[in-house]
Amino acid sequence: MAEVATARRSRITPEREAELYAAVLDLLREVGYDALTMDAVAARTRSSKATLYRQWGGKPELVAKAIRHNKPGSIADIDTGSLRGDLHALTSREDDCTMQQNAALMRGLFMAVHSNPDLLQAFKELLIEPEMEEFHRVVQRAVDRGEVQAGRPALDYIVHMLVGAFATRTLIDDQPPTQDFLISYIDAVVLPALGIRVD
C-alpha cells in the first residue's frame, strides 16, 4: 500500500506539489474549510479533480498535508544544546506576520475539526502524531542531558502549554501571538514548570 502511495505521489514534482499546497492554504483563508471544494482547488491550480483525488484521497488529507507542508522544517532537527534554546528556536522559525496569518487559519480549522470527523482523523494521522513524535525527541534530549528530571509531571503537558498560549493570545489579550510573547511565556511558565531556572 505504501509503495502504491509513493508511486502516485511521484507523478507530481515537489515544485508542483508546493504550488498545490499554497493554493489550498490561500483558498482556506478565503472561504474556510467547509466551503472549500476539490473543484475549487482544481480550478485554482489548473489540475483535474481526478488527479487530486488520486494523489490525496480527499479534502481532509489534502488540507492536513498542506498545513504540514507549510511548517518550516522538522521540529526534531532543532538542537541548540539546551531545551530553552530549542524552544526559543522553535518559536523563531516564523516571523510575527506569518504567525498571525497561521493563527487565524488554525482557529478556523480548529472549529471545522469539531464537526468533521474525517478532518480530525487526517489531522491526527498526518499532522499531530508526527509532530508530537518529533517534539518528544527534542524533550527526550533534554532529559538525556540531565536538564529535566524524567519523572517531572509537566513533561506531559509542554505541547498543551505552548499550543494554549498560541491559541488563546487573541482570545484573552485581543492581540495576535508574537515571537516575543511566546518566548516570554516559555521563560515564565514552561521552563519553570520543568524545573529549569531562567536567570
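In which loop is D174 found? In this predicted model, D174 is found in the loop that lies between helix α9 (158-173) and helix α10 (179-193). Although D174 is a residue other than glycine, its phi is positive, with a value near 55 degrees. The residue is exposed, and its relative accessible area is 67%. A comparable description applies to R46, which is not a glycine and yet has a positive phi of about 55 degrees. R46 is placed in the loop between α3 (38-45) and α4, and it is exposed as well, with a relative accessible area of 78%.

The division of the chain gives domain 1, covering residues 12-60, and domain 2, covering residues 71-194, and the C-alpha centres of these two domains lie 27 Å apart. Contact between the domains involves six residues of domain 1 and nine residues of domain 2. Between them, domain 1 and domain 2 bury about 630 Å², of which 70% is on carbon and sulfur atoms. Of the area that domain 1 buries against domain 2, R29, Y33 and P60 supply 74%, which is more than any other three residues contribute. The number of salt bridges counted between domain 1 and domain 2 is zero.

Aromatic rings were also examined. A pair of aromatic rings is described by the distance of the centres and the angle of the planes. A search of the whole structure finds two aromatic pairs, one of which is formed by Y21 and W56 in an edge-to-face arrangement, with 5.7 Å from centre to centre and 65 degrees between the planes. Because Y21 belongs to helix α2 (residues 14-31) and W56 to helix α4 (residues 49-56), the pair ties together parts that are 35 residues apart in sequence. Both Y21 and W56 are buried, whereas R46, in the loop that precedes α4, is exposed.

Two further rings are associated with charged side chains. The charged end of K59 sits over the ring of Y33, at 4.1 Å from the centre of that ring; Y33 is also one of the three residues, with R29 and P60, that supply 74% of the area buried by domain 1 against domain 2. R169 lies over the face of F181, and its distance from the ring centre is 4.1 Å.

Technical notes: Residues are numbered from 1 along each chain as its sequence is written. This is a predicted model: local features need pLDDT of at least 70, side-chain atom pairs count only at pLDDT 80 or more; totals for chains, interfaces and linings use all residues. Side-chain values use heavy atoms; hydrogens and water are left out. Rings of Phe, Tyr and Trp (its six-membered ring) pair if their centres lie within 6.5 Å; planes under 30 degrees apart count as stacked, over 60 as edge-to-face and the rest as tilted. Helices (H or I, at least four residues) and strands (E, at least two) are DSSP runs, numbered from the N terminus. Buried means under 20% relative accessible area, exposed over 50%, partly exposed in between (1.4 Å probe, protein chains only). A charge sits over a ring if NZ of Lys or CZ of Arg is within 6 Å of the ring centre and within 35 degrees of the ring normal. Domain bounds come from an automatic or database domain assignment. Contact means heavy atoms within 4.5 Å. Buried area is the accessible area (1.4 Å probe) that two parts lose on being put together, summed over both. A salt bridge is a side-chain nitrogen of Lys or Arg within 4 Å of a carboxyl oxygen of Asp or Glu.
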